[in-house]
Structure formats: C-alpha cells, structure tokens
Protein chains: 2
Amino acid sequence: MKALSPLGNLRVVLSRPRHPGNIGAAARAMKTMGVHRLDLVKPQRYPDAEAEALASGAGDILAGAQVHEKLASALEGCVLVAGFTSRPRDLSHPPRALRDAAMELVAAAREGGVALVFGNETTGLSNAELSRCQRMVMIPASDDYASLNLAAAVQVACYEMAVAASAHSLAPARSRKRATAEDVEALHAHIEQAMLASGFLRPAHPGRLMQRLRRLAARVELEKEEVAILRGMLASFERPRGEKG
Amino acid sequence: MKALSPLGNLRVVLSRPRHPGNIGAAARAMKTMGVHRLDLVKPQRYPDAEAEALASGAGDILAGAQVHEKLASALEGCVLVAGFTSRPRDLSHPPRALRDAAMELVAAAREGGVALVFGNETTGLSNAELSRCQRMVMIPASDDYASLNLAAAVQVACYEMAVAASAHSLAPARSRKRATAEDVEALHAHIEQAMLASGFLRPAHPGRLMQRLRRLAARVELEKEEVAILRGMLASFERPRGEKG
C-alpha cells in the first residue's frame with residue numbers, strides 16, 4: 001500500500017451523513033486500509049468534536065476532507081463511480097456483490113479517480129444520487145438484518161479494495177483514455193436537450209427515459225473519444241436539414 | 001445465511017473490552033453477517049446504555065450475550081479457536097491473513113463451535129489469551145496505521161466468514177432480455193442512415209466512424225428495450241422540426 005498503489009486514486013464520498021461520529025469512524029476505517037481521500041457532501045454536523053474523537057489516529061484524513069454542496073463536485077475527475085446500497089433498487093443497475101466488483105474498481109483506479117459513494121445513514125442514496133453512479137455495489141448481509149453501520153460499511157469496502165489492490169496483477173493498462181464523470185454528464189445533458197428539441201422526450205416526464213440511458217452509458221465505460229463522437233453526432237442531428245457540417 | 005449455515009456455530013468472543021459502545025457495535029456487526037453468538041470475558045462496563053444504543057437492531061444479540069470470568073469458559077465446546085491480532089507476536093503461531101484463514105474456519109464450523117477471539121482495545125490479546133488460540137489471524141492493514149476499531153474488526157471478520165459460508169455470489173441474474181444480433185444490426189443501419197442524412201457521416205468514408213460505434217455497442221451488450229429506445233430517439237431526430245411524435 002505504497003505511493004503507487006491504486007488505493008491512492010480511491011476516494012470515499014459520504015453523502016449527507018447525519019452523525020459526525022460516523023464521519024470520524026469512517027476516516028479511521030479508511031486509513032487502516034490505506035485509503036486517504038474523504039469527500040463529504042452536505043454533512044449534517046461537521047466539523048465536530050465527536051468526528052475527531054472517533055477518527056482516533058486518522059485526524060489527518062479528517063483534516064484533509066473536502067466538503068461539497070453537491071455530489072457532482074465530489075465526483076470531479078472520477079473515471080468510475082460506485083454507489084453502495086443495501087438493497088436492489090429500481091431504475092438502477094443490478095447491484096453486484098462487493099467482492100465481485102472489487103477487482104474492477106481497483107483496475108479502474110489505476111487509470112483515474114474512483115469514488116465509493118455512501119448515502120445517508122437512514123435513507124441511503126437518493127435516486128438522484130444513484131443516477132450518478134455507474135456501478136451499484138452491495139455488501140452481502142443477512143436477510144434478517146442488513147443494516148451495517150455507515151463506518152462499518154466503509155471499513156468492509158476499503159478492506160476489500162486493499163485486498164484486491166494487493167492481489168491485483170500488473171495487467172497492462174487500457175490504452176484509450178476513459179471519459180471522466182464530467183464528460184459523461186455533459187453527454188447526458190446534450191442527449192436530453194436534443195431529445196427535448198426533437199419531441200422524443202416529454203418535458204413533463206423526463207425521468208425514466210433518461211434513467212435508462214444513464215444506466216446504458218454507465219455499463220459501457222465510455223472513452224473520451226467516444227463521447228466526442230456521440231456529441232458530434234447529436235450536434236449534426238440538431239442542425240436544421242440542409243446545413244451540412 | 002439460514003439456520004443450517006456454519007455461521008450458526010460461530011461465536012465472537014470479546015476479551016476484556018473497555019468501551020461498552022464497542023460491545024454494542026460488535027453485536028450489530030455480527031448480526032448483519034448472520035453471526036449470533038456473543039461471549040464477553042470480563043467486560044469493563046456491561047451492561048450499559050451505550051452498548052444498547054450502538055447495538056441498534058441487534059439488541060437480541062446483546063441480550064443473549066454470555067458474560068464470563070475467564071476466557072476458558074467462553075471457549076467451551078469449541079473445535080477451533082482463532083485469535084485476532086494486528087501484528088505478529090512472539091510465542092504464537094505465525095498469523096495468517098483473514099481471507100486465507102476464512103475457509104478453514106468455516107469448514108471447522110460445520111463440525112462444531114468456532115471462536116473468533118478479540119482482545120482488549122488497547123493491549124490486544126495477552127500472552128495467556130494467545131496461548132488458548134489454535135490459530136492467529138490478522139486483518140491485513142496499512143503499515144502506516146493498522147489500528148482498526150474493535151467493532152470494525154469484528155465487522156470485517158464476520159463479513160469474511162459470511163462470504164466464505166455462502167457458496168455463490170449474490171449477484172442477481174439479468175432479468176432483461178438481450179438484444180439479438182439482428183436487432184443490433186438494424187440499429188447500426190438506422191444510425192448510419194441518420195448520420196448520412198444529417199451530414200455527420202460522409203458517404204465516401206463511412207468506415208472508421210461506424211467501426212467505432214460498432215465497437216461501442218458490442219461492449220455494452222444491449223438489451224432489446226434499449227435498442228427500441230435508441231431507435232425511437234433516432235426516428236425523432238430524423239423527423240423535420242416542428243412535427244412532434
């Protein structure tokens with residue numbers, strides 16, 4: 001778990017965490033596994049003495065944590081965004097068990113930022129948050145009681161990443177450049193605008209169709225060049241007929 | 001994780017735990033992974049309201065916990081005793097990484113009681129306690145900071161046991177219908193025609209752009225419904241403006 005480990009590209013994103021103690025305990029959990037970047041989206045109470053107490057020897061992680069108003073800004077520069085959920089959700093990709101997802105996440109972290117996103121303690125990830133995630137990950141849990149504490153979930157997730165990183169063979173990196181989360185968001189905005197203009201998308205009900213397209217795009221792991229091609233194609237469809245390139 | 005699972009023969013033993021909150025959080029961690037038997041040796045403060053608060057929905061585990069004066073009585077009936085340590089220790093067996101040990105522990109739990117023994121938060125397991133353990137297990141951790149919280153260590157340990165106990169991954173099968181090769185070919189033909197009409201594709205050089213899009217579609221394993229959505233979108237782009245669906 002040294003400087004060149006893919007763990008250096010991992011970040012844990014806590015969205016709307018309620019208890020400052022969980023933030024501190026999550027920081028400690030991360031540091032024990034060699035994961036150092038923590039991003040907080042609209043924490044209910046932060047900074048807070050309880051967070052610091054529970055961080056124990058991981059005060060540096062806490063001190064370096066970035067606080068965001070919106071999830072999007074916490075995901076900047078990420079090539080892969082994985083949302084953690086305790087149950088399958090409508091409208092999202094079917095969740096994969098953490099162990100099955102770990103190798104892919106670690107492999108992606110060799111190429112760029114990878115976010116592990118955890119929702120609010122009570123409500124989990126909202127549908128809007130889920131729609132930003134290209135992968136859904138579940139920590140397998142008991143049918144009787146599946147409610148892991150937030151920091152405990154971060155601990156298990158980071159543990160799996162650390163084990164996967166140490167096991168990961170030095171497979172050759174992909175030669176093509178992965179699109180970033182911003183590239184993909186810009187593509188979605190472009191698609192939505194073109195579909196609204198063409199009348200395919202009804203302004204009153206954009207939700208489900210855009211969700212399906214997001215799910216599709218998330219599966220494919222778009223490359224930068226592919227996003228450029230698709231946006232060029234959309235632009236050509238938007239031009240009035242007869243006006244060529 | 002049903003009644004006949006080997007997890008039913010697992011017990012977590014906390015020896016001389018200092019913080020009642022950790023006892024409660026450990027109970028919660030256990031229950032989420034289907035491990036139900038908790039034994040406490042000389043807990044510093046127990047029972048305690050903080051333990052109950054942190055147990056959350058695992059109050060039953062806490063209520064059923066047995067309290068012992070000596071470690072030996074907490075280990076009664078066990079066919080295998082594994083002690084958790086964060087560092088190699090003199091006088092003991094060389095520790096094995098948790099993942100490597102998990103299968104043996106679960107296999108033993110098919111035959112009888114298996115104890116996962118965790119020491120005091122500050123001092124870990126004493127030499128006398130270690131001498132009762134037939135296996136030493138380490139949770140791999142960062143060289144910089146290896147200090148997992150006690151309940152976090154219980155969470156990771158029980159998670160590994162649960163994964164080892166469940167033969168198959170929890171990933172649900174795909175429920176959606178895959179597109180056929182004909183569906184995909186029809187989509188490509190439709191894209192090509194729309195791009196020619198819009199002027200994005202030059203009739204003289206269709207090759208490379210179509211190849212890139214085919215490569216993209218091949219990666220994503222399109223579903224029938226997705227092909228229908230994409231073709232609907234293309235059709236809307238082909239219609240002259242103003243003529244809405």
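1. Let's start with helix 9 of chain A, bearing in mind that this is a predicted model. Its buried residues are A:Leu213, A:Arg214, A:Ala217 and A:Ala218. Looking down the axis of helix 9 of chain A, you find them within an arc of 140°, so they line one face of the helix. That fits the usual rule: an α-helix has 3.6 residues a turn, so residues three or four places apart point the same way.

2. What do those buried residues pack against? The partner is helix 8 (181–198) of chain A. As for geometry, helix 9 of chain A runs over residues 207–220 and spans 20 Å from first C-alpha to last, close to the 20 Å expected. Just past its end, A:Glu221 has a positive phi of about 55°.

3. Now over to strand 1 of chain A (residues 10–15). Six of its six residues are buried, so the rest of the structure largely encloses it. Both faces are covered, with A:Leu10, A:Val12 and A:Leu14 on one side and A:Arg11, A:Val13 and A:Ser15 on the other.

4. Strand 1 of chain A has parallel neighbours: strand 6 (residues 113–118) of chain A, over five bridges, and strand 2 (residues 37–41) of chain A, also through five bridges. A:Leu14 sits opposite A:Phe118, while A:Val13 faces A:Asp39. With helix 1 (residues 20–32) of chain A in between, strands 1 and 2 of chain A form a right-handed β-α-β unit.

5. Finally, the contact between the chains: 54 residues come from chain B and 55 from chain A. On the chain B side, helix 7 of chain B gives the most, with seven residues. That side splits into 29 nonpolar, 15 polar and ten charged residues.

Notes: Residues numbered from 1 in each chain as written. Chains lettered and ligands numbered in written order. Predicted model: local features only at pLDDT ≥ 70, side-chain atom pairs only at ≥ 80, totals over all residues. Helix = DSSP H or I, 4+ residues; strand = E, 2+ residues; numbered from the N terminus. Expected span 1.5 Å × (residues − 1). Buried ≥ 20, exposed ≤ 12 C-beta atoms within 10 Å, placed from the backbone. Arc of directions from axis to C-beta. Contact = placed C-beta atoms within 7 Å. Nonpolar A, V, L, I, M, F, W, Y, C, P; charged D, E, K, R; others polar. Pairing = 2+ DSSP bridges. Right-handed = clockwise from strand over helix to strand, strands pointing away.
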